[in-house]
Amino acid sequence: MAEGAGQPALPGRIEAEFSTLLQELAACGHQTSTLLERARLPLWCRAPLFFFLGYIAKAEGRVSEADIGYAEGLIKALRLSQRQRRRAINWFQQGKTAQQLPGRRGLLLRLTNRLVPAPALTIAICLCHASQLKGRPTKARRYRCEDAIDQIGLPVSISDDIFESYAAKVWIRHTANLAKPTSYEQACELLGVTRRDPIQVIKRAYRKKVSDCHPDKLAQRRVSIEESALAKERLLRYQQAWELVKRRHRLRP
């Protein structure tokens, strides 16, 4: 997979596991509770997970119902007993009161992530999800999320790829006035893919987008004049996005 400009490459084992987990996340509809049900975190990962969730939840001074609901959803996904649930809530409360991250939190993840990266990467995905419960993450929540990812020994840059995956699949804009894409990242977001996706995946996404707003298909649906005009604008933007992709991958016109 192509890396973004200036983005350092991950170690081989981490890169392979990360790509697999991002694909699994997309297959789960970007629902980390479903991802946890499939991934099954080791028992020793629970303390850092819920501590960091509490730390992120308190980023803006007030823990919201969405934060509590998200933590409860992960507790349910992990199928914790009542005793384990109480411990998870206690770790969450400890994270809420922390002004900075203690060095011991995430120590075992730091020591093992190069050999067994899946637990640390899964937690990183859960933390990125927690920082964007109401849409794109605020600076305060994102900074705390990045602090936690750094604490577990992973490159902070992986958060960019996780957020980009959500941007492409969850935050897709539906506004009438689509701006012309001016960067490869914007082109990928418009086509509903990420910069980590191979060119074959991007090409299929482009063809699907173009097909959905093709004049012949619109004629079959008997859309209004306004919908037809919007479809034409979208078609133009998709074509402009594809041109950027082709230039990036040096494809023939």
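**Exercise 1. The two sides of helix H4**

Task: In this predicted model, determine which residues of H4 are exposed, and which are buried.

Solution.

Step 1. Begin with the exposed residues. Glu 65 and Lys 76 are exposed, and they lie on the other side of H4 from the buried residues.

Step 2. List the buried residues. In H4 these are Asp 67, Tyr 70, Ala 71, Leu 74, Ile 75 and Ala 77. Viewed down the axis of H4, the buried residues fall within an arc of 165 degrees, so they line one face of the helix.

Step 3. Identify what this face packs against. The partners of the buried residues of H4 are helix H2 (32–39), helix H3 (46–57), helix H5 (82–97), helix H7 (118–130) and helix H8 (139–151).

Step 4. Check the length. H4 covers residues 65–77, which is 13 residues, and reaches 18 Å from its first C-alpha to its last, close to the 18 Å expected at 1.5 Å a residue.

Step 5. Look past the end of the helix. H4 is followed by Arg 79, which has a positive phi, near 55 degrees.

**Exercise 2. The protein as a whole**

Task: State how many helices and strands the protein has, and what percentage of its residues is buried.

Solution.

Step 1. Count the elements. The protein contains 13 helices and zero strands. Along the sequence, the pattern is α-α-α-α-α-α-α-α-α-α-α-α-α.

Step 2. Consider burial. Of the 253 residues in the protein, 47% are buried.

Step 3. Consider contacts along the chain. Among contacts with a separation of 6 or more, 75% come from residues 24 or more positions apart.

Step 4. Consider the surface. About 13600 Å² is exposed by the protein, and carbon and sulfur atoms supply 51% of this area.

**Exercise 3. Helices H10 and H11**

Task: Explain why H10 is described as largely enclosed, and determine which residues of H11 are buried.

Solution.

Step 1. Examine H10, residues 184–191. Six of its eight residues are buried, so the helix is largely enclosed by the rest of the structure. The buried residues are Tyr 184, Ala 187, Cys 188, Glu 189, Leu 190 and Leu 191. Just after H10, Gly 192 has a positive phi of about 80 degrees.

Step 2. Examine the length of H11, residues 199–212. Its 14 residues should span 20 Å at 1.5 Å a residue, and its end C-alpha atoms are 20 Å apart, which agrees.

Step 3. Assign the sides of H11. Ile 202, Ala 205, Tyr 206, Lys 209 and Val 210 are buried. Down the axis of H11, these buried residues fall within an arc of 130 degrees, so they line one face of the helix. Arg 204, Arg 207 and Lys 208 are exposed on the other side of H11.

**Exercise 4. Salt bridges**

Task: Determine which parts of the chain are linked by the salt bridge of Glu 15 and Arg 196, and which residues salt bridges join into one network.

Solution.

Step 1. Begin with the total. The count comes to 11 salt bridges.

Step 2. Take the pair of Glu 15 and Arg 196. Their closest N and O atoms are 2.6 Å apart. Glu 15 is in helix H1 (residues 12–27) and Arg 196 is in the loop between H10 and H11, so that the pair links distant parts of the chain, 181 residues apart. Both Glu 15 and Arg 196 are buried.

Step 3. Take the pair of Glu 164 and Arg 195. The closest N and O atoms of this salt bridge are 2.7 Å apart. Glu 164 lies in helix H9 (residues 158–169) and Arg 195 in the loop between H10 and H11, so the pair ties together parts that are 31 residues apart in sequence. Glu 164 and Arg 195 are buried.

Step 4. Take a pair within one helix. Glu 243 and Lys 246 form a salt bridge (3.1 Å, N to O). Because they are three residues apart in helix H13 (residues 225–249), Glu 243 and Lys 246 are separated by about one helical turn. Glu 243 has a relative accessible area of 36% and is partly exposed, whereas Lys 246, at 11%, is buried.

Step 5. Assemble the network. Salt bridges with shared partners join Glu 15, Asp 161, Glu 164, Arg 195 and Arg 196.

**Exercise 5. A nonpolar patch**

Task: Determine which residues make the nonpolar surface patch, and where Trp 44 is found.

Solution.

Step 1. Trp 44, Leu 107, Leu 108 and Leu 111 make a nonpolar surface patch of about 390 Å².

Step 2. Trp 44 is found in the loop between H2 and H3. Its relative accessibility is 37%, so Trp 44 counts as partly exposed.

Methods. Residues are numbered from 1 along each chain as its sequence is written. This is a predicted model: local features need pLDDT of at least 70, side-chain atom pairs count only at pLDDT 80 or more; totals for chains, interfaces and linings use all residues. Side-chain values use heavy atoms; hydrogens and water are left out. Helices (H or I, at least four residues) and strands (E, at least two) are DSSP runs, numbered from the N terminus. The expected span of a helix is 1.5 Å times one less than its number of residues. Buried means under 20% relative accessible area, exposed over 50%, partly exposed in between (1.4 Å probe, protein chains only). The arc is that of the directions from the helix axis to the C-beta atoms. Contact means heavy atoms within 4.5 Å. Accessible areas come from the Shrake-Rupley method with a 1.4 Å probe; for residues, only the protein chains shown count as cover. Patches are made of residues with over 30% relative accessible area and no salt bridge: like charges are joined within 9 Å, nonpolar side chains (Val, Leu, Ile, Met, Phe, Trp, Tyr) within 5 Å. A salt bridge is a side-chain nitrogen of Lys or Arg within 4 Å of a carboxyl oxygen of Asp or Glu.
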